[in-house]
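The following account is an introduction for a reader who has not met this structure before. Please keep the sequence and the three-dimensional view at hand while reading.

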Amino acid sequence: MSEPTDQASLGLALIGNCTISALVDQQARIVWACMPRFDGDPVFHALLDSGGGLKREGTMSVEIEGLVRTEQQYDPGTAILRTRLFDADGQGIEVVDFAPRFFHRERAFRPAQLVRRIRPLAGHPRVRLSIQPRGDWGATNPTVTRGSNHLRFVFPGHTLRLSTNAPLTYVAAETWFSLPGPVSLFLGPDETLDSGIEETARDFEEQTAWYWRHWTRRLALPFEWQDAVIRAAITLKLCQYEETGAIVAAMTTSIPEAPHSERNWDYRYCWLRDAFFVVRALNSLSEVGTMEEYLRWLHDVVRSAQGGHVQPLYGIGLERELTEGMVLHLSGYRGMGPVRVGNQAFEHFQHDVYGNIVLGAAQAFHDHRLFRRADASDFMALEAMGEQAWLLHDQPDAGMWELRTRSRVHTSSSLMSWAACDRLAKVAATLGLADRAAHWAERARIVRDKILALAWSEERQAFVESFGGKDLDASVLLMAEVNFIDPKDPRFVKTVEALEAVLCDGPFMRRYEAPDDFGRPETSFNVCSFWRIDALARIGRTQQAREIFEALLACRNHVGLLSEDIAVGNGEMWGNFPQTYSMVGIINGAMRLSKPWDQTV
């Protein structure tokens, strides 16, 4: 339950259908939605122009007259959201939000469409409906035309249609009116519905609920923290653009990593690194469909590279040019600009990318559930990625944190180069290619020996962020996760202890200690906190890991979502939202720490 406010926050819920998505605040305002793709021009952009509070421009809102309190929650096991709004007299309405997703005529039906269903709960409430889409990042107002039961918002390059059984005159003029019974709204392509408004809305909701509940029931859940895991899994699935298989890092751009930090980046693209961890987390729950879709996209990345350079990220349609620019007429989240579109990191050399490709693809050679298991031709393409990893394993790069002003031989990049060689050896063995297995195993040994020799600092008594360096970096915790080192190895145990002493504030963990392009990081980075949990569990400090895990779960917002960063002092969320890496941490932590079913039930 919350009280109304006009300040932007990340107290938001995500709805979507793997074609489009939208963020809905606790007052039933859609404050962010890009159409027709996650990385497109926002139809609703108010979240990023909220310096003086949330404006009506760039939102789609449902209001009750005299609002005093709200309630919001998902229907269990679905991506269907319910928001209840109440006035001082106890009169109330319910708003049901979703994007249709189900199977129709044996095909996935996931149109670029948002559905809002509104019904009175008590009394005779008066409501106001406002639909104010914008184009060109808020700079262009559409031409509005009216039909018999719809409004058309005409932009230079596309048209949106709002179909509704609410009084169209009141909707167009944003007039308060009594709500005697349910009404529904469809916002999407300029197409006519096949049947009546209310009938279609009810049918779409029922079929969408059925789809998500059946998707959820197939998950192999841990015994503990099931609700948290289900919500994380659904959120990760919503972050896949299913038409191509790409998985975005987050749904937003330019939410600052810390207040007034200018660490504002566009995360609406597919980082090979992040997508691998998403696939791995969902696979741990036996959700292989997302992996199959992603492998389709990854296959094209590998083939397009033709054995050469691979970017750290691509557009969800395999776009290579993601030129970074600023939208100067938007004030930014809470006025904390700049608003950036595109991401300069596409120009970076980040050598861990080849290991992430091999790690992401390796399961396809071993998993007998897949419709199309990888074969010898796929192995040959992956070997080209392994060659790149081998050539670059001890060369300077921007590193996984995408530093813009310095280059080093980053331990995390060399680690993933080792992983590429190691997994190729295992795949070759599975395919019965003994000579190739020996070849890659020998290369893995050489890279491993080099990392153990050059990434260890006697002075810090820890593995450090770069060869011959001395700065601590949380990314070395991945050594255990990718099975590079026995977690009980004294060097790894000492590394964990050193990182905790320098980078941790209670349950929270920062990425690194050395200043970067913008100074020292101010907020904790959620995935690093989850890496710490994994490391603690592996080295035997399980009870402490559980306590930290519970503390991090308490930092989720009211519907169970996490952004990229958390402010240590007050627990406020910062950074792009919802962050796939953070939701991966929830799944991995629960799977690692939960009591087993067979010892509990």
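The paragraphs below treat the nonpolar core, then the packing of helices, and finally some individual residues in loops.

The model shown here is predicted. A suitable place to begin is its interior. In soluble globular proteins, nonpolar side chains tend to be buried together. Here the largest nonpolar core comprises 205 residues, and Leu 272, Val 310 and Trp 531 are those with the most contacts inside it. Helix 8, which spans residues 411-430, supplies the largest share of this core, namely ten residues. Another core, of ten residues, lies apart from it, and includes Ala 249, Ala 250, Trp 265 and Tyr 269.

Leu 272 offers a closer view of the largest core. Once its neighbours within four places in sequence are left aside, Leu 272 is in contact with Tyr 294, Trp 297, Leu 298 and Val 301. Its contacts also include Val 310, Gln 311, Pro 312 and Tyr 314, together with Val 353, Asn 356 and Ile 357. Val 310, one of these partners of Leu 272, is itself among the residues with the most contacts inside the core.

The next topic is the way in which helices pack. Two packed helices are described by the angle between their axes and the distance between the axes. How do helix 8 and helix 9 lie relative to each other? The axes of helix 8 and helix 9, the latter formed by residues 434-454, come within 8 Å and cross at roughly 160°. Angles over 145 degrees count as roughly antiparallel, and helix 8 and helix 9 are therefore roughly antiparallel to each other. The crossing in which helix 8 passes helix 9 is left-handed. On the side of helix 8, the residues that meet helix 9 are Thr 411, Ser 414, Leu 415, Trp 418, Cys 421, Asp 422, Leu 424, Ala 425, Ala 428 and Ala 429. Their counterparts in helix 9 are Arg 436, Ala 437, Trp 440, Ala 441, Arg 443, Ala 444, Val 447, Arg 448 and Ile 451. Sorted by class, the contact of helix 8 with helix 9 holds 13 nonpolar, two polar and four charged residues.

Helix 8 also packs with helix 6, which covers residues 353-362. The axes of helix 6 and helix 8 are 7 Å apart, at an angle of about 35°, and their crossing is left-handed. From helix 6, the contact draws on Tyr 354, Gly 355, Asn 356, Val 358, Leu 359 and Ala 362, while helix 8 contributes Met 416, Ala 419, Ala 420, Arg 423, Leu 424 and Val 427. The residues of this contact divide into nine nonpolar, two polar and one charged. Leu 424 of helix 8 thus takes part in the contact with helix 9 as well as in the contact with helix 6.

Helix 6 has a further partner in helix 5, residues 289-305. The axes of helix 5 and helix 6 are 11 Å apart, and the packing angle is about 140°. Helix 5 and helix 6 are therefore oblique to each other. Helix 5 passes helix 6 in a left-handed crossing, with Leu 295, Leu 298 and Val 302 of helix 5 meeting Ile 357, Gly 360 and Ala 361 of helix 6. By class, five residues of this contact are nonpolar, one is polar and none is charged. Leu 298 and Ile 357 have already appeared among the contacts of Leu 272.

Several loop residues also merit attention. Pro 133 is found between strand 12 (126-131) and strand 13 (143-146). Is Pro 133 buried or exposed? Its relative accessibility is 1%, so Pro 133 counts as buried. Beyond residues up to four places away in sequence, Pro 133 touches Val 43, Phe 44, Pro 142, Phe 153, Phe 155 and Leu 160. The C-alpha atoms of Pro 133 and Phe 155 are separated by 9.8 Å, and the two residues are 22 residues apart along the chain.

Two other prolines follow cis peptide bonds. The bond from Met 35 to Pro 36 is cis, with omega near 5°, and Pro 36 sits in the loop between strand 3 (30-34) and strand 4 (42-44). The bond from Gly 337 to Pro 338 is likewise cis, with omega near 5°; Pro 338 belongs to the loop between strand 22 (325-326) and strand 23 (340-341).

The loop between strand 22 and strand 23 also holds Arg 334, a residue other than glycine with a positive phi, near 55°. Arg 334 counts as buried, at 17% relative accessibility. His 260, in the loop between strand 19 (246-247) and strand 20 (270-271), also has a positive phi near 55°, but His 260 is exposed, with a relative accessible area of 64%.

Notes: Residues numbered from 1 in each chain as written. Predicted model: local features only at pLDDT ≥ 70, side-chain atom pairs only at ≥ 80, totals over all residues. Heavy atoms only, no water. Core = buried A, V, L, I, M, F, W, Y, C linked by side-chain atoms within 4.5 Å. Buried < 20%, exposed > 50% of the residue type's maximum accessible area, 1.4 Å probe, protein only. Helix = DSSP H or I, 4+ residues; strand = E, 2+ residues; numbered from the N terminus. Contact = heavy atoms within 4.5 Å. Axes fitted to C-alpha atoms, helices over the stretch in contact; angles between N-to-C directions. Parallel < 35°, antiparallel > 145°, perpendicular 65-115°, else oblique. Left-handed = near helix turned anticlockwise from the far one by under 90°. Nonpolar A, V, L, I, M, F, W, Y, C, P; charged D, E, K, R; others polar.
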